[in-house]
Each structure stands twice: as C-alpha cells, then as structure tokens.
Amino acid sequence: MLKKEKEIKAIFIFIAVLFFMFLALPVFFVLIRSFQTDSGSVGFAQYVKMFSSKGFMTALWHSFAVAGTSGFVTVILAFILAYTVNNTDIHPKLKSAISVLTVFPMLLPTITYGFAIIYSFGKEGLITKLLGFAPFEIYGFKGLVMGYVIYTLPIAFLLINNTFQYIDKRFVIVSRIMGDSKLDTFLIACVRPMIGTLGAAFIQSFFLSFTDYGIPAAIGGEFNVIATTLYNEMLGSVPNFSNGAVVAIVMLVPSALSILLLNYLEKFNFRYNKTTETELEKNIFRDIVLGALSVIILICVLSVFLVIVIIPFVEMWPYKLRFSLSHITSLFTDSSMLNIYINSLTAAVLTAVFGTLIAYGAALVTSRSKISNKCKQVIESIALVINTIPGMVLGIAFMFAFSGTPLRNSMFLIVMCNIIHFFSTPYLMMKNSLSKMNESWETTAMLMGDSWVKTIIRVVTPNAEYTILEVLSYYFVNAMVTISAIIFIVGAHTMVITTKIKELQHYAKFDDIFALSLLLLITNLAVKGIFALLSKRKKEN
C-alpha cells in the first residue's frame, strides 16, 4: 500500500508542478503586466486608460450584444434538434443523422466559418447566386451571430441532448392524465427539468462566442469585438503589450462569472431515482413539423460549408467555374504547405497522446486513490480554473512567460498550450469512467501479488479503453482546429494550418484557404472514423 501511495503522490506532484509552470505562472505574468505602463511605472493607469477609451468600451459592448444574441438563438435551435431526437417518433436513421450532422462544424476551425460565410452569402457567394440576392449583410453583427450560432450549436446540442436522455417520459403521460393541456405538459414535463441545462447551454454558448477570435477575424469588419481588440493590441501594427494584458484580464471576468452561474444553475437540475423507457404518444403532426424543422436547421448550417468542398475544385471562383485540380495539386507540391500540414499532425498527435496520459493520471489521483482530499481538490480546482480561461488569454500568458527562452515558438510549447487549454473535458471524461469501476480491483490485485502499476495497466486501463479512445479523439480534433490559443506562440518553423489560414487572409488567397480547410476536414473525419471503428470493436468485445 505504501508503494501505491508513493506512486499516486508522484503522479499528483508531477501534475501539480506541470500546471503551476504552464498555467499559474503564465497567467500571473499577464496579471503583473496589466499593471505596468510602457514607462515602467506600476499602477492602475492602464486600466483607467482602457476603460476611458471609447473604442474599447464599444468593442466590449459589441461582444456582449453579439454573444448574448447568438447564445439565445443557439439554445432555441439546439433544443429543437435535441427534442426531435428524443421526443418524437421520426425514423431512427434520421435521428442518428441529426445527432451526427449537428456536431459536424466541430471538425473545422472557427476562422474557416467566417470565410465560408463570405463565399456563401457575399455578393459573389454560392448561396447568393442560387437565391439571386444577398439575404443579409455578412460583415458585422449579423454575420457574427450566424458564425457564432454555427460554432456553438454542437456544444449546446450535446449538453441538451445528454440531459434529455435522463428525463423520465412517464411524467408526460401523468401530466396528460391529470388533464393538463399539451402546452402545460410540454412546460412541466420537458422544459422545467431542462432549465438548468438550458441555462448552462446559454452560458457556454455565450462564453465561447465572447472569447472566440477566428470568426470575427474573418467577418468582423468594422464591428470590433473584444477578441479582435486583444489581437490588435498584441500583434497589430503598433503592439502594446500592457494594453493587451488589460484586455486579457477583462476577458477573464465574464469567464469567471460563467462558472459561478453554472454552479448556481445546478440547483435547478432534476434528479430522478430512475428513468423508465416509455412509448411516446402518437402525434404525426408533431413528428412531421419537428422533423422538417430539424432538417431545415441542418440544411441552413451545413450549406454554409458547401463552398469548402466546391471552391478547391474550381479554377477561379466566381469567374472561371471550370473543374480544376490545380489548387489541390499545388497544395501537395508546395513543400512549405506540406511542412505546415506535418506540423499540425505532429502537434495534434503529441497533444492527444500526452494530453490523454495527463488527464488519465489526474483522474487516477481523484477517483482511484486514497490520497488526501486537499490533493484531490487541487486537481478539481485546476480543471475548474481552466474552464474560466479563454484560449487567447492562455496564448498571451504563454507568450509573456516564455518569450526570450529556448521554448519560444517551439512545438513543445504549442503542445503544452493545447494540453492545458483542453484539459477540463478529457479529465472529467476519464474521472467519470474510472469512478464507475469496482473500487476493490487494486486491492484484490495487490493481495494476489501484482504491483499497483501492473494493476492499472492490466485491469483498469482495458476497462477504460473506450473512454481513452474518446479522449484521444477529443484532444486530436481540438488541437487540429484551434487558433485562439496558439496564434501568439507559433513561429515560422512551427506554423500550423489554422495560423497559416490567418496569414493567407492577408494575401486574399482564399483558394488556398479552402484547400487547407478541406485537407483539415478530411484528416479529422478520417481520425474520427478510425476512433469510432476502434470504439465499436471495443464494445463488441
């Protein structure tokens, strides 16, 4: 037992030191820098300067307005899709299609969304040409709302869909027997148990929209938001790191408030002793209307991405519409582009492997050990804090902390940034999986002479294999599509696809942008397919 405790403590110490070096210290550097002026004096001068700036306050208001609007719209659409999947009698294959296609946008970087919207709804856009008119102004508020809705819809859907699966449908029947109207039944048996989750979905959508850089970088136009303000302060024509640090700290405030609100909303979540599979009341009108609505929502979302699979195969959009493979061939014959693709794959694979190991180790400490509650609380706090730190703030923190060191612009730093940035969800996935396993496995194995390490490798790990595959997939895909966290720390030799897309924007090379986006999409689909196949085999075994 003593040896096991030493091994667990060693894992805990490693994780604690890792997050101190690559989370606490970098964020501390940002905080300190926000109180420094260019002249070297220390105080609140930078905060006063920023909050008295009309441009900053306008950008801050824009961020709240567009994030709030998109969050509201996203929750409504996600609720319709999740309700259709769980509370209608439409064909099972259509339900599966809705569930799969709704999360499709997660396989692409957000900066691509903006360019896809431009080439779909711009004056010469694909959908504009099909309709014969431009349906709305894409630059500014409307374009950002559309982009943010597409971006946050998968997350909101996953949250709401998951909760729907734990709602007991018997309450619908009870409500109808009691004489309630269909509207009252809907509100009592469906909406009321979902209040906590709906609130959480809105907060998550708001937070993701408020802190995203990719979409406003493409279609923000003159409609400045806080994310573009932060980028301009840090990497604009006249960089001001002190101003950038102030903006970064300001971005942390709504992030921290979102965690407090999520904790508050927990009390609205229903807890059923058990749920029972109940046959739904037959209602053809409901099924047709909701099925059609869900299909329309998905068509509207996915049609935006049609240009990604069309434009790379067109000679010159929209002037020469002949089929051509020139953009694809130039992509694979350009050594610099291939190096960038290899960089992305390298970063994603290393992030997936080492991120999974770290998340697994952290979960072992909190769910499979007798280590003190204080130590467990440290890891729980780390996971909670990371959820409050936007990717851009983390990227700037790394930039401040490691500038001038051998780690500057290195692949190691990019991988560490990705591992820290996406840690919370993989950790919670692993923790939930390990917590459900028999607590006596390690003790039994030790009584039979096996060491703790052998028990973890031979017994615990095989039983957690399905979750490990999910975590690997999660880390890989997110590492491939992220831009906000790493845009400040990549260098010329470590540039990845998402940051190259941002660079190509300056040269208006949209053909190359869509070719790279298509390559990224195919890669993520292939990896997701491989992990899905491995997971299926694991389930069958």
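## A walk through a mostly helical chain

Helix α12, which runs over residues 226-235, is mostly covered, with eight of its ten residues buried. The buried ones are I226, A227, T228, T229, L230, Y231, E233 and M234. Keep in mind that this is a predicted model, and everything below is computed from it.

Stepping back from α12, the chain has 26 helices and two strands. Of its 541 residues, 54% are buried. The fold also brings together parts that are far apart in sequence: among contacts with a separation of 6 or more, 80% are between residues 24 or more positions apart. On the outside, the chain exposes about 25500 Å², and carbon and sulfur atoms supply 66% of that area.

One spot on that surface is worth a look. I13, V17, F20 and M21 form a nonpolar patch there, with about 370 Å² of accessible area together. V17 sits in helix α1, which covers residues 2-34. How exposed is V17? Its relative accessible area is 46%, so V17 counts as partly exposed.

Now for the charges. Side chains of opposite charge can pair when their charged atoms come close. The count here comes to six salt bridges, and these are three of them, with their N to O distances.

| Salt bridge | N to O distance |
|---|---|
| D89 and R286 | 3.7 Å |
| K129 and E124 | 3.2 Å |
| R286 and D287 | 2.9 Å |

What do D89, R286 and D287 make when taken together? Salt bridges with shared partners join these residues into one network. The D89 and R286 side chains meet in a salt bridge, and that pair links distant parts of the chain, 197 residues apart. D89 is in the loop between α3 (54-87) and α4 (92-102), while R286 belongs to helix α14.

Is R286 buried or exposed? R286 has a relative accessible area of 16%, and because the cut-off for buried is under 20%, R286 counts as buried. D287 is also buried, with a relative accessible area of 13%. D89, in contrast, is partly exposed at 35% relative accessibility. The network therefore takes in two buried residues, R286 and D287, along with D89, which is partly exposed.

The K129 and E124 bridge has a simpler setting. K129 is partly exposed, with a relative accessible area of 43%, and E124 is partly exposed as well, at 41% relative accessibility.

Next, the rings. The structure holds 29 aromatic pairs. One of them is Y113 with F305, an edge-to-face arrangement at 5.5 Å centre to centre, with 75° between the planes. Which parts of the chain does this pair link? Y113 comes from helix α5 (residues 110-121), and F305 comes from the loop between α14 (284-303) and α15 (306-310), so the two are distant in the chain, 192 residues apart. Both Y113 and F305 are buried.

If you're browsing the structure for rings, there is also a cluster to pick out: F22, F398, F402 and F412 form one aromatic cluster. And a charge meets a ring further along, where K509 lies over the face of Y507, at 6.0 Å from the ring centre.

Finally, a bit of backbone. Most residues other than glycine have a negative phi, and most peptide bonds are trans. Two residues here are worth checking against that background. N409 isn't a glycine, yet its phi is positive, at about 60°. The residue sits in the loop between α19 (391-402) and α20 (411-421). With a relative accessible area of 23%, N409 is partly exposed.

A508 is the other one to look at: again not a glycine, with a positive phi of about 55°. Where does A508 sit? Its place is in the loop between α25 (497-506) and α26 (510-540). How exposed is A508? Its relative accessible area is 51%, and since exposed means over 50%, A508 counts as exposed.

How values were computed
Residues are numbered from 1 along each chain as its sequence is written. This is a predicted model: local features need pLDDT of at least 70, side-chain atom pairs count only at pLDDT 80 or more; totals for chains, interfaces and linings use all residues. Side-chain values use heavy atoms; hydrogens and water are left out. Rings of Phe, Tyr and Trp (its six-membered ring) pair if their centres lie within 6.5 Å; planes under 30 degrees apart count as stacked, over 60 as edge-to-face and the rest as tilted. Helices (H or I, at least four residues) and strands (E, at least two) are DSSP runs, numbered from the N terminus. Buried means under 20% relative accessible area, exposed over 50%, partly exposed in between (1.4 Å probe, protein chains only). A charge sits over a ring if NZ of Lys or CZ of Arg is within 6 Å of the ring centre and within 35 degrees of the ring normal. Contact means heavy atoms within 4.5 Å. Accessible areas come from the Shrake-Rupley method with a 1.4 Å probe; for residues, only the protein chains shown count as cover. Patches are made of residues with over 30% relative accessible area and no salt bridge: like charges are joined within 9 Å, nonpolar side chains (Val, Leu, Ile, Met, Phe, Trp, Tyr) within 5 Å. A salt bridge is a side-chain nitrogen of Lys or Arg within 4 Å of a carboxyl oxygen of Asp or Glu.
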